Amino acid sequence: MSQQVLENQFRLFDAEEHLEFEVLRDILGVEMNKGLLWRLKDTAHHLFRTDQDGDVNGQLLGWCLGYIFHEAMKLKEDAYQRESYGGRFMQLKEIGLSFEERHMVEELSKVIDQTRESMRREVARIRYIIASSRKLFIRYLPDHRDNALLARLLYDRNNLVRMVFAEEYGPLVKAMYGDRPELLYQLASQSLMLGGWEREAVLAEEEGQLLSSGAVKAGSE
């Protein structure tokens, strides 16, 4: 979910060199009202960094998610500066100024241009770390292939997972379930049944059976 929010903003920046400060503010939040990305960072810190002798892929994921959070914080501040102060400089250029005043405005506006360059670098770094995180998930998650709740998440939010992993979705399922991708559906069905979602459990089981019988190509899943 965090990736989708950030990538939508990055596409806006690609097209218009503009970011919506309110969106970045909401996904980050503040200490007393943490946003989605802040909560994700805290969860990753708790999950991956408490065991320093644990899976190195997990530790790297913890680092990546923390890095994304702090880089997004810088991006939010730059977006605010560009939105608040950049507009003022544009207004100043519209009014009548003396030669000295215009020269000063032009000199100071260079800082706004530098802020835009900072934003471009921050966007590129966050995108790179997100891409690296996808690869780390493909290495980390196979150790949890028997986790029925994980399978249920991948099943329930399949459209979102596909959008985030894109061409790496196939390698993710392959890494986790090998030549038996139907296990994802079977485990999801077990979790749904335990939760009392009987109709949904049956549907998941049927999808797994179709996949197992070859009616659905594993590569497309």
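The following legends describe several views of a predicted protein model.

**Figure 1. Overall view of the predicted model, with its helices and strands.** The protein contains 10 helices and two strands. Followed along the sequence, these elements occur in the order α-α-β-β-α-α-α-α-α-α-α-α. Of the 221 residues in the protein, 39% are buried. The protein exposes about 13,300 Å², and carbon and sulfur atoms supply 55% of this area. Among the contacts between residues at least 6 apart in sequence, 65% join residues at least 24 apart.

**Figure 2. Close-up of the aromatic pair formed by W38 and F69.** The count of aromatic pairs comes to six. In the pair formed by W38 and F69, the rings lie 5.2 Å apart, centre to centre, with 55° between their planes. This pair is classed as tilted, because planes under 30 degrees apart count as stacked and those over 60 as edge-to-face. The pair links distant parts of the chain: W38 belongs to helix 3 (residues 36-49), F69 belongs to helix 4 (residues 56-94), and the two residues are 31 residues apart. W38 has a relative accessible area of 11% and is therefore buried, the cut-off for this class being under 20%. F69 is also buried, with a relative accessible area of 3%.

**Figure 3. Close-up of K41 and the ring of F69.** The charged end of K41 sits over the ring of F69. The distance from this charged end to the centre of the ring is 4.7 Å. F69 is thus shown here with K41, and in the preceding figure with its aromatic partner W38.

**Figure 4. Close-up of the largest pocket and the residues that line it.** The volume of the largest pocket is about 1,200 Å³. Its lining consists of 32 residues, and those closest to the centre of the pocket are M1, L40, L65, F137 and L153. Two or more lining residues are given by each of helix 1 (2-16), helix 3, helix 4, helix 5 (99-140), helix 6 (148-156) and helix 7 (158-165). Helix 3 provides the largest share of the lining, eight residues.

**Figure 5. Close-up of L36 in helix 3.** L36 has a relative accessibility of 26% and therefore counts as partly exposed, since this class lies between the limits of 20% and 50%. When residues up to four places away in sequence are not counted, L36 touches M1, S2, D26 and I27. The view also relates L36 to V5: these residues are 31 residues apart in sequence, and their C-alpha atoms are 9.9 Å apart in space.

**Figure 6. Close-up of T115 in helix 5.** T115 is buried, with a relative accessible area of 10%. Apart from its neighbours within four places in sequence, T115 is in contact with D78 and R82.

**Figure 7. Close-up of A201 in helix 10 (residues 198-213).** A201 is buried, and its relative accessible area is 1%. Residues up to four places away in sequence being left out, A201 touches S189, L192 and M193. A201 and A188 are 13 residues apart in sequence, and the distance between them in space is 7.3 Å, C-alpha to C-alpha.

Methods
Residues are numbered from 1 along each chain as its sequence is written. This is a predicted model: local features need pLDDT of at least 70, side-chain atom pairs count only at pLDDT 80 or more; totals for chains, interfaces and linings use all residues. Side-chain values use heavy atoms; hydrogens and water are left out. Rings of Phe, Tyr and Trp (its six-membered ring) pair if their centres lie within 6.5 Å; planes under 30 degrees apart count as stacked, over 60 as edge-to-face and the rest as tilted. Helices (H or I, at least four residues) and strands (E, at least two) are DSSP runs, numbered from the N terminus. Buried means under 20% relative accessible area, exposed over 50%, partly exposed in between (1.4 Å probe, protein chains only). A charge sits over a ring if NZ of Lys or CZ of Arg is within 6 Å of the ring centre and within 35 degrees of the ring normal. Contact means heavy atoms within 4.5 Å. Accessible areas come from the Shrake-Rupley method with a 1.4 Å probe; for residues, only the protein chains shown count as cover. On a 1 Å grid over the protein atoms alone, a cavity is a set of points where a 1.4 Å probe fits but cannot get out, and a pocket is an open set with protein on both sides within 12 Å along at least five of seven lines; lining residues have an atom within 4 Å of a point. Grid points are joined across faces, edges and corners, and a volume is the space filled by probe spheres set on the points.
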